[in-house]
Amino acid sequence: SVGGKLELHSASQPRIDIENCKGCNICVKHCRHDAIHLDASHKAEIDYGKCVGCGQCVALCQYDGAVMGEGDTSERLNYKIAEYSKAVLLGKPNFHISFIMNVSPECDCWNHNDAAIIPDLGMAASFDPVALDKACADMVTKAPILETGNRLSDSPHHDHLEGCDKFNLMHPETNWQAGLEHAEKIGLGTQEYELITV
Ligand code: SF4
Ligand code: SF4
C-alpha cells in the first residue's frame, strides 16, 4: 500500500532543505499531524514534537525541499524490505520471477535515470525469493559493462569492471547485502542457490 511504502522509507523524521524549499505549502496542507508550517521567510519548518515520521511531506514535495532525515540508512531500508516481503508472503503459496533487463543506476521509482549498465540477461525464477535475488545480483556482478555511454562505461577504469560489484561502484554508501542477510535471518529464504539455465 502507499502507506506501507511511505513507512518503509521513513526510518526517521524528515528535514527541510531550506535552499530547495519553494514555500509552495503543499506539505503544510497534507500533513495529518499539523507538524509542518511555513516560517516568516516562507520556508517549511517541522515541529519535531508533533512529527511522526510518516514521510508524507517527502513523498509530496516536488522540489526536494522535504527530504529524509540523517537517521535513515540503506541497511535499515533493506531490513524493512525483507520484513515487508515476509509479511506479504506469510501463509500464501508463492513463486518469484525477476527480469534482469534495463539494469540502470537508480531505483525505478526515481523520476530520472541513466542508460542500462549491462546487457539484458533475461529472466530468472525461483520458489525462494532470497536465492533468486542473490543469483540475480551475482549475474550482474559477472556481466560485462555495456559500452554505450552509461555511468560506468564513462569511467576511465571500465575495462576492469567485469566481475566487480557494480551496485556498490555506483552507490558506495549503500550495502545491498544487508537486506539478503536479514532476509535469511528472519527465515524468508537462503542465499544458497543452484543456477539452472534453460
Ligand atoms: S518543503 Fe516542499 S512541499 Fe513543503 S513548502 Fe517547501 S517546497 Fe513546498
Ligand atoms: S513526516 Fe509526516 S508528520 Fe512529519 S512533517 Fe512530514 S507529513 Fe507531517
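Visitor: Which residues surround ligand 2?
Guide: In this predicted model, the residues around ligand 2 are Pro14, Cys31, His33, Ala35, Cys51, Val52, Gly53, Cys54, Gly55, Gln56 and Cys57. Each is counted because one of its heavy atoms lies within 4 Å of the ligand.

Visitor: How do you know how the shell around ligand 2 divides by class?
Guide: Pro, Cys, Ala and Val count as nonpolar, and Gly counts as polar. The shell therefore comes to 7 nonpolar and 4 polar residues, with no charged ones.

Visitor: What makes up the shell around ligand 1?
Guide: Cys21, Lys22, Gly23, Cys24, Asn25, Cys27, Leu38, Ala44, Cys61, Tyr63, Gly65 and Ala66 surround ligand 1. By class, there are 8 nonpolar, 3 polar and 1 charged residues. Lys is in the charged class, so Lys22 is the charged residue of this shell.

Visitor: Asn25 is in that list. Why is Asn25 called partly exposed?
Guide: Its relative accessible area is 26%. Buried means under 20% and exposed means over 50%, so a value in between makes Asn25 partly exposed. Asn25 is in the loop between strand E1 (15-16) and helix H2 (26-30).

Visitor: What is notable about phi of Asn25?
Guide: Phi is near 80 degrees there, a positive value in a residue other than glycine. Asp34 also has a positive phi, about 55 degrees, and is not a glycine. Asp34 is found in the loop between H2 and strand E2 (36-38).

Visitor: Why does Asp34 count as partly exposed?
Guide: Set its 41% relative accessibility against the cut-offs of 20% and 50%: the value lies in between, so Asp34 counts as partly exposed.

Visitor: And why is Tyr84 called partly exposed?
Guide: The reasoning runs along familiar lines. Tyr84 is at 31% relative accessibility, between those cut-offs, so the label is partly exposed. Tyr84 lies in helix H4 (residues 74-89).

Visitor: What is Tyr84 in contact with, leaving aside its neighbours within four places in sequence?
Guide: Its contacts are Gly4, Glu7 and Leu8. Contact means heavy atoms within 4.5 Å. The 8.1 Å between Tyr84 and Leu8 separates their C-alpha atoms, and these two residues are 76 apart along the chain.

Visitor: What makes a set of residues a nonpolar core?
Guide: The members must be buried residues of certain kinds, Ile, Val and Leu among them, joined through side-chain atoms within 4.5 Å. The largest such core here has 13 residues, and Ile100, Val103, Ile117, Ile118 and Leu152 touch the most other members. Helix H5 (residues 129-142) gives the most to this core, with 3 residues. There is also a second, separate core of 10 residues, including Ile16, Cys21, Ile46 and Cys57.

Visitor: What lines the second largest pocket?
Guide: Its lining has 16 residues, of which Ala124, Ala125, Glu194, Leu195 and Ile196 lie nearest the centre. Strand E6 (122-126) and H5 each supply at least two of the lining residues. The lining divides into 13 nonpolar, 2 polar and 1 charged. Since Glu belongs to the charged class, Glu194 is that charged residue. The pocket's volume is about 380 Å³.

Visitor: How many helices and strands does the protein chain have?
Guide: There are 7 helices and 6 strands. Buried residues make up 35% of the 198 residues in the chain.

Terms used. Residues are numbered from 1 along each chain as its sequence is written. Chains are lettered from A and ligands numbered from 1 in the order in which they are written. This is a predicted model: local features need pLDDT of at least 70, side-chain atom pairs count only at pLDDT 80 or more; totals for chains, interfaces and linings use all residues. Side-chain values use heavy atoms; hydrogens and water are left out. Buried means under 20% relative accessible area, exposed over 50%, partly exposed in between (1.4 Å probe, protein chains only). Helices (H or I, at least four residues) and strands (E, at least two) are DSSP runs, numbered from the N terminus. On a 1 Å grid over the protein atoms alone, a cavity is a set of points where a 1.4 Å probe fits but cannot get out, and a pocket is an open set with protein on both sides within 12 Å along at least five of seven lines; lining residues have an atom within 4 Å of a point. Grid points are joined across faces, edges and corners, and a volume is the space filled by probe spheres set on the points.
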